[in-house]
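Open the model in your viewer and keep the sequence panel beside it. We will go from stop to stop, and at each one I will suggest what to select and say what is there.

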Amino acid sequence: MVREKVRVSTRTLQWKCVESRVESKRLHYGRFILSPLMKGQADTIGIAMRRILLGEIEGTCVTRAKSEKIPHEYSTIVGVQESVHEILMNLKEIVLRSNLYGTRDASISFKGPGYVTAQDIILPPSVEIVDNTQHIANLTEPINLCIGLQIERNRGYHIKTLKNFPDGSYTIDAVFMPVRNANHSIHSYVNGNEKQEILFLEIWTNGSLTPKEALYEASRNLIDLFIPFLHAEEENLKLENNQHKVTLPFFTFHDRLAKAKLMKNKKEIALKSIFIDQLELPPRIYNCLKKSNIHTLLELLNTSQEDLMKIEHFRVEDVKHILDILEIKKNFA
């Protein structure tokens, strides 16, 4: 059971996981509560969290398949029990776990007779299969079945295009949503003279992440959406103070990082107690830093731009994003 407390005004909000179970490899369930909330707050939070859980959490899918033996999507292959269309539908059901960005190539190379399952897919290092038993095809004769696959990480639901690609590949409907369902309910009660509420949140995932991980990522995504509003007034003040200037100063990565390190030298002891989850970083950048054992602001400032770029799946845009956040949060020094 997990408990977290957040201080809001004179109330202490507390959330905990009250139920967690694995119903199968591709179905995980979690039930969480958040309380005490003022009247109306539970519905506000519940509706927002449900929409983020179902629409904003990213997942990984097989999005395209190619084989020289496939003349048409609705054709058949000699020695294969399933039609090409059935094979594509089976590939659609494969659940993948990864932190990749962009697209990656995978493949199947199988010699029959025998059953082709998800465990026969040759994957890139950053991808793993949640359920290796997923059926793909049944080869009834001693033939070689070779299929090239494209794997992509994205969000939402992408319907395949009707056109065939010049390379002879076929697109596959992609359900990128790792959260299969999310519900919220509210329990109201009276505490003294005040009406309060308890929010119950239920989450079902496909096994590529746990309900707790989905809840955490949804929370971070929701916070990211509101960050511009939090800094809107601050930006307006900056513009007013610089209204007589023709241009605003430009800082290179090196200049801005050096400036941040100067702040670090002045407040090194204090920086040890500031953790990177307080910087409101996007979930992907936060996870990359955590996997590289960067937990505090001091550790982050001690890491050079070159070392950051060596982190797997880290991009130049991510370094710029970190520097922008450090500049916004100058008051941590």
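**First stop: strand 6 and its partners**

Select strand 6 and strand 11: the two run antiparallel and are joined by nine bridges. For one pair to look at, pick Lys111, whose bridge partner in strand 11 is Asn144. Now add strand 8 (residues 121–122), which also runs antiparallel to strand 6 and is joined to it by two bridges. Here Ser107 stands opposite Ile122 of strand 8. Before moving on, bear in mind that this is a predicted model.

**Zoom out for a moment**

Show the whole chain as a cartoon. The protein has ten helices and 16 strands. Of its 333 residues, 44% are buried. Among contacts with a separation of 6 or more, 67% are between residues 24 or more positions apart.

**Into the core**

Which residues have the most contacts inside the largest nonpolar core? Select Leu91, Ile108, Ile136 and Leu149: these four hold that place in a core of 30 residues. To see where the core comes from, colour the elements that give two or more residues to it: strand 4 (58–66), helix 2 (84–92), strand 6 (103–111), strand 9 (127–129), strand 10 (135–139) and strand 11 (144–155). In soluble globular proteins, nonpolar side chains tend to be buried together.

Stay with Leu149 and display its surroundings. Leaving out residues up to four places away in sequence, Leu149 touches Val62, Arg64, Ala65, Leu91, Arg104, Asp105, Ala106, Ser107, Ile108 and Ile121. Apart from the largest core lies another, of 20 residues; select Ile276, Leu281, Ile311 and Phe314, which are among them.

**Along strand 11 to Asn154**

Go back to strand 11 and pick Asn154, which lies in it. Is Asn154 buried or partly exposed? Its relative accessibility is 22%, so Asn154 counts as partly exposed, the cut-off for buried being under 20%. Next, draw a C-alpha to C-alpha distance from Asn154 to Thr60: the two are 94 residues apart in sequence and 6.5 Å apart in space. Beyond its neighbours within four places in sequence, Asn154 is in contact with Glu58, Gly59 and Phe176. Turn on side chains, and you will find a polar contact between those of Asn154 and Glu152 (3.2 Å).

**The hairpin of strands 15 and 16**

Select strand 15 (residues 179–191) and strand 16; twelve bridges join this antiparallel pair. Try Ser185 as a landmark: its bridge partner in strand 16 is Phe200. Then follow the chain to the turn, where two residues lie between the strands and Gly192 takes a positive phi near 70°.

Now click on Gln196, in strand 16 (residues 194–205). With a relative accessibility of 5%, Gln196 counts as buried. What do polar contacts of its side chain reach? One goes to the side chain of Asn191 (3.4 Å), and another to the side chain of Glu194 (3.5 Å).

**Helix 3**

Hide the strands and select helix 3. Why does its length make sense? At 1.5 Å a residue, the 20 residues of helix 3 (residues 211–230) should span 28 Å, so the 28 Å between its end C-alpha atoms agrees with this. Look along the axis towards Asp224, where there is a kink of about 25°, shortly before the proline Pro228. To see which parts of helix 3 are covered, colour Pro211, Ala214, Leu215, Glu217, Ala218, Arg220, Asn221, Leu222 and Ile227, which are buried.

**Last stop: backbone details**

Three places reward a look at the backbone itself.

- Select Ser35 and Pro36: the peptide bond between them is cis, with omega near -10°. Pro36 lies in strand 3 (residues 27–38).
- Select Gly112 and Pro113, joined by a cis peptide bond with omega about 0°. Pro113 is in the loop between strand 6 and strand 7 (114–117).
- Select Asn293, a residue other than glycine with a positive phi, near 60°. Asn293 is in the loop between helix 7 (283–291) and helix 8 (297–301), and at 57% relative accessibility it counts as exposed.

Notes: Residues are numbered from 1 along each chain as its sequence is written. This is a predicted model: local features need pLDDT of at least 70, side-chain atom pairs count only at pLDDT 80 or more; totals for chains, interfaces and linings use all residues. Side-chain values use heavy atoms; hydrogens and water are left out. Helices (H or I, at least four residues) and strands (E, at least two) are DSSP runs, numbered from the N terminus. The expected span of a helix is 1.5 Å times one less than its number of residues. The bend at a residue is the angle between axes fitted to the seven residues ending there and the seven starting there. Buried means under 20% relative accessible area, exposed over 50%, partly exposed in between (1.4 Å probe, protein chains only). A nonpolar core is a set of buried Ala, Val, Leu, Ile, Met, Phe, Trp, Tyr and Cys residues joined through side-chain atoms within 4.5 Å. Contact means heavy atoms within 4.5 Å. A polar contact is a pair of N or O atoms within 3.5 Å; within protein, one must be able to donate a hydrogen and the other to accept it, and residues adjacent in sequence count only if both atoms are side-chain atoms. Two strands pair if DSSP finds at least two bridges between them.
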